[in-house]
4 protein chains.
Amino acid sequence: MIFFKNDYGAGAHPHVFQALAEHNLMPADSYSHDEYSVAVTEMIRALTGQAEAHVHFIAGGTLTNLVCLAAFLRPYEAVIAADSAHICVHETGAIEATGHKILSVPAVDGKVLPAEIDKVVAFHETDQMVLPKVVYISDTTEMGAVYTKAELQALRACCDAHGLYLYIDGARLAMALGSEYNDLSLQDIASLADAFYVGGTKCGALFGEMVVILNEALKPHFRFIMRQHGALFAKGMLLGLQFKALLQDDLYTRLGSMADAWGQKLAAGLKAKGYSFAYTPVSNMIFPIVTTAQAEALAKHVLFEKWLDNPDGTQTIRLVTSWMTKQEDIDGLLQYM
Amino acid sequence: MIFFKNDYGAGAHPHVFQALAEHNLMPADSYSHDEYSVAVTEMIRALTGQAEAHVHFIAGGTLTNLVCLAAFLRPYEAVIAADSAHICVHETGAIEATGHKILSVPAVDGKVLPAEIDKVVAFHETDQMVLPKVVYISDTTEMGAVYTKAELQALRACCDAHGLYLYIDGARLAMALGSEYNDLSLQDIASLADAFYVGGTKCGALFGEMVVILNEALKPHFRFIMRQHGALFAKGMLLGLQFKALLQDDLYTRLGSMADAWGQKLAAGLKAKGYSFAYTPVSNMIFPIVTTAQAEALAKHVLFEKWLDNPDGTQTIRLVTSWMTKQEDIDGLLQYM
Amino acid sequence: MIFFKNDYGAGAHPHVFQALAEHNLMPADSYSHDEYSVAVTEMIRALTGQAEAHVHFIAGGTLTNLVCLAAFLRPYEAVIAADSAHICVHETGAIEATGHKILSVPAVDGKVLPAEIDKVVAFHETDQMVLPKVVYISDTTEMGAVYTKAELQALRACCDAHGLYLYIDGARLAMALGSEYNDLSLQDIASLADAFYVGGTKCGALFGEMVVILNEALKPHFRFIMRQHGALFAKGMLLGLQFKALLQDDLYTRLGSMADAWGQKLAAGLKAKGYSFAYTPVSNMIFPIVTTAQAEALAKHVLFEKWLDNPDGTQTIRLVTSWMTKQEDIDGLLQYM
Amino acid sequence: MIFFKNDYGAGAHPHVFQALAEHNLMPADSYSHDEYSVAVTEMIRALTGQAEAHVHFIAGGTLTNLVCLAAFLRPYEAVIAADSAHICVHETGAIEATGHKILSVPAVDGKVLPAEIDKVVAFHETDQMVLPKVVYISDTTEMGAVYTKAELQALRACCDAHGLYLYIDGARLAMALGSEYNDLSLQDIASLADAFYVGGTKCGALFGEMVVILNEALKPHFRFIMRQHGALFAKGMLLGLQFKALLQDDLYTRLGSMADAWGQKLAAGLKAKGYSFAYTPVSNMIFPIVTTAQAEALAKHVLFEKWLDNPDGTQTIRLVTSWMTKQEDIDGLLQYM
């Protein structure tokens, strides 16, 4: 079977794995007090130009989102997110389980628009309603779209106008930064967001995500919230080591770029064969529209996810590439479609 | 100022107040172990034909909703509700604060449609998503609409097909039962719902709501959940006394009917003057469409709530009648509109 | 049966009931925006000498405690309380249900000692542990004890030393203020506590408690938390009206004093008959030690609560007086003991 | 510096690491649907003799505890645990953050006694109190003690008598099973507990814990709760692979045994030098009593944790061995003490 199911099917990039192997039997301080984690904080501060940034490591994406939102929100405050957002749909109510409402808004290719934020804020004007306080976006989005610098600046301005925090879920930040459609740098992101996370699980790490907090108001006691949710990793050095390897020589973005390049090759191939797409293909997640018969035939040879049943009887499917994708995978897939 | 702001502005119906007065200085057992509360349980069992119904008393509507849903749902389960539902919009995230997601659906005049439930259930098919388990409706709805027997039966069938509980918020159940558009009896409601509440605050009581639980699965340990949320009233006799008075000679429904009758007079008067309505007026909440100038002029003489800014620049306002409304209030209002 | 079971068995003091009766059919603004609630705020500011005090009304004691602690604590923060405290034992985990740990300490007659707070604070020094932030005490305590001014000042100093808030559960504040052993004024309490509540349910009100917040840090968005927990009372005027009546001519403290006086008469009678007490009787809750046979005999004529089985085979029982207690109740009780 | 600080300072046993290395670049199904995880379930069923056991994998211990208790308890239910238990003291209120009260009991060397459970159950008899439902123990305990078969059978009988679940935190189950003082087999544990977890982080794994659920009532929808708390690991294969390696040829218990053997050598050496111990040394955590001067001197050469300040001015310190400890570490330590 050819694997296009997701970008977290296998382990770590060899450089990352090598780092784990080299230090495997060397004890280090626990709970992210180790030297590698400390070094990564310094690297991130240099890379983002944010000398006071706080850096934390968490083992997975849902855990990261729920810890951040639990930390950033007071009980009566809510988070605004796209109706397709991971926290809205695919985390089994993790955010609500921390007591917070998600105010979902219609989105375009998974992107949140300032005008929708304006509407939500205008509507929530009394103490009978929750108080919107965080805007959650993901880059790339659930549909693989990439925010432009102008879009992110507009969201920042909108958040500033309403006193909202901007939090970016970067589960696939590598693929955002690595996309040819991207014009945002890591510095841009760090200067525009109040907090964001750099996703390792889906790009190069064995596992793990890295939270970067910029806004002073969001920094105090974050580790308490982490531990309360079981998110302060005992062997924090494992996470420090991996992100150190990923940040060296910009491995992280380069892997994202590779994933995107395979995605673009795949999209080009499908386009050439006449397929259309539910969302414009710009990163490593490609959403072709197929007939049920095509989907069934494909499923005999390829691992992928069905995304949506379309009203006209067709299906949207999701094909995901990664830095590990090979030309033969693309060729194989195209042969069966 | 003429009062059309809501139906909970004043105190209790004289019969109810009289009951409180008569027993004011007579100590009774606490936490609803008093004789009046016990008597009301028997009355409800007789009135509904449900000999095993459990009855509980809670001081207010939001508290009732959050206690019921906290009791009926397991942590990963969610409640389906109209996007205009009180629990969705006007309870400051009370349900989410108990850890549960609300799956909101588009509704017609605040009514939930089985087809929307079907869609939600079909979409939530994996452990990445919450599990829909309760359907929340209110009768009358937030827009004053009244469910027909056929509609409620269809919802019941839909819930049965999907293994869902049906819970009815009866904050204005009196006005539903009392409406000339209603064909549901209390017995019908008790045979179709798994649990519902009978709202006293908005119709005749000084304060208080009465929960009726029919489904065996929802009965155990309900008092524990009540107490955990501060909803087990120390002087439960106050609530027992009031509902005893309200159920006697069907006072409750008769008061709802009076509220509705005033609402219909008001609607007829407005219609005669050429006003149109955002929602068909069938109970005690009337939603005429007015110009901004009209709204401003009216606000000098009448207490009411603005409901919505309409896209065409007009406003929808909400006028609410109660059993206490007087002909002179109607006349006065019509004079200013 | 003679009633010594508790001090919340019956309704309201006639003056309070009269206020409710007079305004029963007069609609007022809802959710504590009514004129009576506003007037009470002014009265409290005058009585406490705290011109910026915030005043809120909640229907019951457990609800008040959980709302206050949910509002005052961040998720990782905890409340220190006596191991006999109402929030520890008798609220079905209401505080934990809002996500917060209670750090219970051994107490003397239900009183929290600064030395115990010091120990708890010293122990909780890392992010593996919750952060103590509020000290919860009740006056009178669960055992009917009364804090002295010196004791409360010592607690205040201890809280200041550790950066803790001091919150006083005043379910029986009337009986504390009214006790002959008390040397605290309402001004003292308001100047020493960060927040406290004045309990109406157990002394003169039909129902209801009044929260007074002094510390600026605890004031913002309190109503949001109230509403989220179903504690913002729709007919707030009912609560405003009652506390207005209770504060007039110091009715509230006078009723507490009456309750205490009956308690002291009862205690004197029991002492004369040779009974000893589990806790020194200083207010309206009296805890004589009896044999099982005595308890059983008494239960045939008197309503009371068993408090504890003692290791020596005897029992501690609880007898509670109120402003409604009569000489014949005392005489009757003494005759059966 | 010689490392005796804990047993989770370094990475994985070479066999475990090798398994990760071999499959690193081979994509597998996600969220524990991979073949390795499935194989481990079969291994556990064979090893425990429990053909219907459910097996789940979670990245860390606090996360495991909070997920299990959130899954096993209804909102008003509580867990009984030793006052020294990890969930009581060292998880920053993680259990309370899921809404549940911990009923802490005095314990002997961290062991919960049936008599204490009896007392807690007897005390919690009304709906004013939480309902005890789970007994949490850890084996080894926080003090390194090991439960005997007779003790665990007595706890089981006690739980059965009261309708309680028995849950075992096996963060150091390897060291319990591997201790010369142990007479429990994995089969015994699986037949006596309702659920338990096998800790990998502290014995041989790079990271990860394995939950085994025996009681049918606790199995449904466990994955929903996992995901809601961010505990369903995307790359579940990493956990499956590791536990497959650990269970092969009983590597897990053998590593625990090695850790214990080093602990016993260390204890013997200290005893020979005249040190006494706060708790009888039976596994890999050794708690010698030292003077402050001794502790300070030792800290220049050895990494360890201070455990307690003793009333007599001495200190109890904690020294932890692991399968990685070497003779030279022991020799070095003894030289400095």
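These are my notebook entries on the chain contacts and a few backbone details of this predicted model.

**Entry 1: the annotated domain**

I began with the record for chain A. UniProt, in an unreviewed entry, places "domain: Aromatic amino acid beta-eliminating lyase/threonine aldolase" at residues 28–273. I then looked up the secondary structure over that range. Residues 28–273 of chain A are 45% helix and 15% strand. The C-alpha atoms at the two ends of the range lie 54 Å apart.

**Entry 2: chain A against chain D**

I asked what turn lays chain A on chain D. A turn of 180 degrees does so, with a shift of 0.0 Å along the axis and an RMSD of 0.0 Å. I noted this as the relation of a two-fold axis. Both copies use the same surface, since 100% of the contact residues of chain A recur in chain D.

Next I took the extent of the contact. Chain A gives 45 residues to it, and chain D gives 45 residues. The two chains bury about 3,600 Å² between them. Carbon and sulfur atoms account for 64% of that area.

Then I went through the polar side of this interface. How many salt bridges cross between chain A and chain D? I found two. In the pair D:Asp29 and A:Lys5, the closest N and O atoms are 3.0 Å apart. I also counted 20 residue pairs in polar contact across the interface, both partners at pLDDT 80 or more.

I checked which helices of chain A take part. On the side that touches chain D, at least two residues each come from α1 (14–22), α3 (61–72), α5 (94–97), α10 (222–228) and α11 (236–247). By class, this side of chain A has 27 nonpolar, 13 polar and five charged residues.

**Entry 3: chain D against chain B**

I turned to the other contact of chain D. Here 20 residues of chain D touch 20 residues of chain B. The buried area is about 1,800 Å², and carbon and sulfur atoms give 53% of it. Which residues of chain D lose the most area to chain B? They are D:Tyr76, D:Asp127 and D:Phe224, which together make up 37% of what that side buries.

I counted four salt bridges between chain D and chain B. One of the salt bridges I looked at joins D:Asp127 and B:Arg227, at 3.1 Å from N to O. Polar contacts come to ten residue pairs, both partners at pLDDT 80 or more.

Two helices of chain D, α3 (61–72) and α10 (222–228), each supply at least two residues of the side that touches chain B. The most come from α10(D), with five residues. I sorted that side of chain D by class and got eleven nonpolar, five polar and four charged residues.

I superposed this pair too. Chain D goes onto chain B by a turn of 180 degrees and a shift of 0.0 Å along the axis, with an RMSD of 0.0 Å. I then searched chain D for the C-alpha nearest the axis, which belongs to D:Arg74, 3.8 Å away. The same surface serves both copies here, as 100% of the contact residues of chain D recur in chain B.

**Entry 4: salt bridges overall**

I ran the count over all chains and got 56 salt bridges. I followed one of them, between A:Arg227 and C:Asp127, with the closest N and O atoms 3.1 Å apart. This pair crosses between chains. A:Arg227 sits in helix α10 of chain A, while C:Asp127 is in the loop between α6 (114–123) and β5 (131–138) of chain C.

**Entry 5: backbone checks**

I looked for cis peptide bonds. One joins C:Asp139 and C:Thr140, with omega about -5 degrees. C:Thr140 is in the loop between β5 and α7 (149–162) of chain C. In chain D, the bond from D:Asp139 to D:Thr140 is cis, with omega near -5 degrees. D:Thr140 is in the loop between β5 (131–138) and α7 (149–162) of chain D.

Last, I looked at phi in chain A. A:Asp250 is not a glycine, yet its phi is positive, about 60 degrees. Where does A:Asp250 lie? I placed A:Asp250 in the loop between α11 and α12 (251–272) of chain A.

Terms used:
Residues are numbered from 1 along each chain as its sequence is written. Chains are lettered from A and ligands numbered from 1 in the order in which they are written. This is a predicted model: local features need pLDDT of at least 70, side-chain atom pairs count only at pLDDT 80 or more; totals for chains, interfaces and linings use all residues. Side-chain values use heavy atoms; hydrogens and water are left out. UniProt positions are given in the numbering used here, feature names are shortened, and annotations may be inferred rather than shown by experiment. Helices (H or I, at least four residues) and strands (E, at least two) are DSSP runs, numbered from the N terminus. Copies are superposed by least squares on the C-alpha atoms of residues with pLDDT of at least 70 in both. Contact means heavy atoms within 4.5 Å. Buried area is the accessible area (1.4 Å probe) that two parts lose on being put together, summed over both. A salt bridge is a side-chain nitrogen of Lys or Arg within 4 Å of a carboxyl oxygen of Asp or Glu. A polar contact is a pair of N or O atoms within 3.5 Å; within protein, one must be able to donate a hydrogen and the other to accept it, and residues adjacent in sequence count only if both atoms are side-chain atoms. Ala, Val, Leu, Ile, Met, Phe, Trp, Tyr, Cys and Pro count as nonpolar, Asp, Glu, Lys and Arg as charged, and the others, Gly among them, as polar.
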